[in-house]
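Okay, thanks for coming, everyone. Have a look at this one with me, and then I'll walk you through a couple of spots.

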Amino acid sequence: MKIKVISRSEDDVVRQSKHDLPKMQRNPAPVLHPFDAAREYKRALNAGHRDGVYCMAAHPTKLSQLLSGSADGEVRLWDLTTQACLFSKELHKGFVNGVCFTPFGEHFISVGQDKTIKICSLGTDIEQTTLLGNTFFKDVSFHKSRELFVTGGPEVELWSPHRADSIQRLTWGHDTTNCTVFNMVEKNIFASTADDRSITLFDIRAGKPLKKVRMDMRSNRLCWNPQEAFNFTVANEDHNCYTFDMRKLTQALMVHKDHVSAVMDISYAPTGREFVTASYDCTLRIFPYNNGHSREVYHTKRMQRVFTVQWSSDNKYITSGSDETNIRLWKATAWEAIGTQSARQRANSRYTERLKQRFQHHPEIRRIARHRHVPKAIYRARHEKHSMQQSERRKQRNRRLNSKLKDRLPRPRDVPVVED
């Protein structure tokens, strides 16, 4: 005869002390919770933005504060340590296309699709100033030492917060400029990307453009290397990122490949050794500045197309804003422990890193270090893209081998530079 006995541990039912919360039994089966997804969506709706997040800016002096703008015209100031919203206001009618802080973080500026520039102060009393433009604005960037900022749109304009009209209009062509970024070291120089596939360098002292380079496809965003003043990296529609030296734009210093869709945004680490990219394929990737392939990829099931990304000033965290209204906080180093560590824990971490560096060329160690799980759609798209590239290379090689006019065949051309 068999006797089945139900056995339960007291630790799963009984509280350790009267101050502990009562232990509740919950069945996580999805069949029993049909409204779980709707409930979580309602919580997210009440907690954060009501539309997709399309731009962000980190506070220059406070590590925990982040500014974000969404497609419904709302601008929010966040405290990342407490995950609380410090400021929330609908400043624009339509998309918020760009936000930035002043160098000391006393004010912030936002631009939008409604042809307005909003200048707001931070503090107990929020003061707001509105500047009207002739056209819509796509981006904004503040000068690092002077009270000047530049906006991008159908026209590139230089503004002062104390004047109602723009000071300068800098144009080279007639296409819309979608990104403008001041250099952090050469402070009077800024770069812009436009819809005509061009990257243009401007000098506000001369009041005219310096150089212009035209790519094969459009560049969405641009970011300067904070430690190497002459180098910048652009996020392109052809799934790649290109690093250039502003002194020699005829050829890219490095091409960074791994994404399978358009790269929407890019942000450098404060050390200048790495940068993070946000892509239309719903992933984030971290690239070394001198390597063509990423060292890390971040993704979740619920994260949709990522439009903006920001690296924190302490080099420990990455924030991303995506199309499903959420702002996510990631660790810059996925395996790094968070919180205060003892001396023994810090020594163990250093010892582990040294071991990985010592045996990094061992086949098994290299395989484990390079392997990353990605969604099935990205895995298939990557293999399809690889096969297309291999086919194109075979085609070009066969054409050269079987043609009598080898010298007249097209060669990989350099990037053309347009001088002023």
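So, Thr308 sits opposite Gly321 of strand 26. This is a predicted model, where local features need pLDDT of at least 70, side-chain atom pairs count only at pLDDT 80 or more, and totals for chains, interfaces and linings use all residues. Numbering starts from 1 along each chain as its sequence is written, and side-chain values use heavy atoms, with hydrogens and water left out.

Back to the strands, which are DSSP runs of E, at least two residues, numbered from the N terminus; helices are H or I, at least four. Strand 25 (306-311) pairs antiparallel with strand 26 through five bridges, and pairing takes at least two DSSP bridges. They make a hairpin with five residues in between, and Asn315 in the turn has a positive phi of about 65°.

On to strand 27 (327-331): it runs antiparallel to strand 26, again with five bridges, and Ile318 has Trp330 as its bridge partner there. That hairpin has four residues between the strands, with Thr325 at a positive phi near 75°.

And is strand 26 (317-322) mostly covered or open? Covered: five of its six residues are buried, meaning under 20% relative accessible area with a 1.4 Å probe, protein chains only.

Last thing, the lining of the largest pocket. By residue type we've got twelve nonpolar, 20 polar and 17 charged; nonpolar is Ala, Val, Leu, Ile, Met, Phe, Trp, Tyr, Cys and Pro, charged is Asp, Glu, Lys and Arg, and polar is the others, Gly among them. A pocket here is an open set of points on a 1 Å grid over the protein atoms alone, where a 1.4 Å probe fits, with protein on both sides within 12 Å along at least five of seven lines; lining residues have an atom within 4 Å of a point.

Key. Buried < 20%, exposed > 50% of the residue type's maximum accessible area, 1.4 Å probe, protein only.
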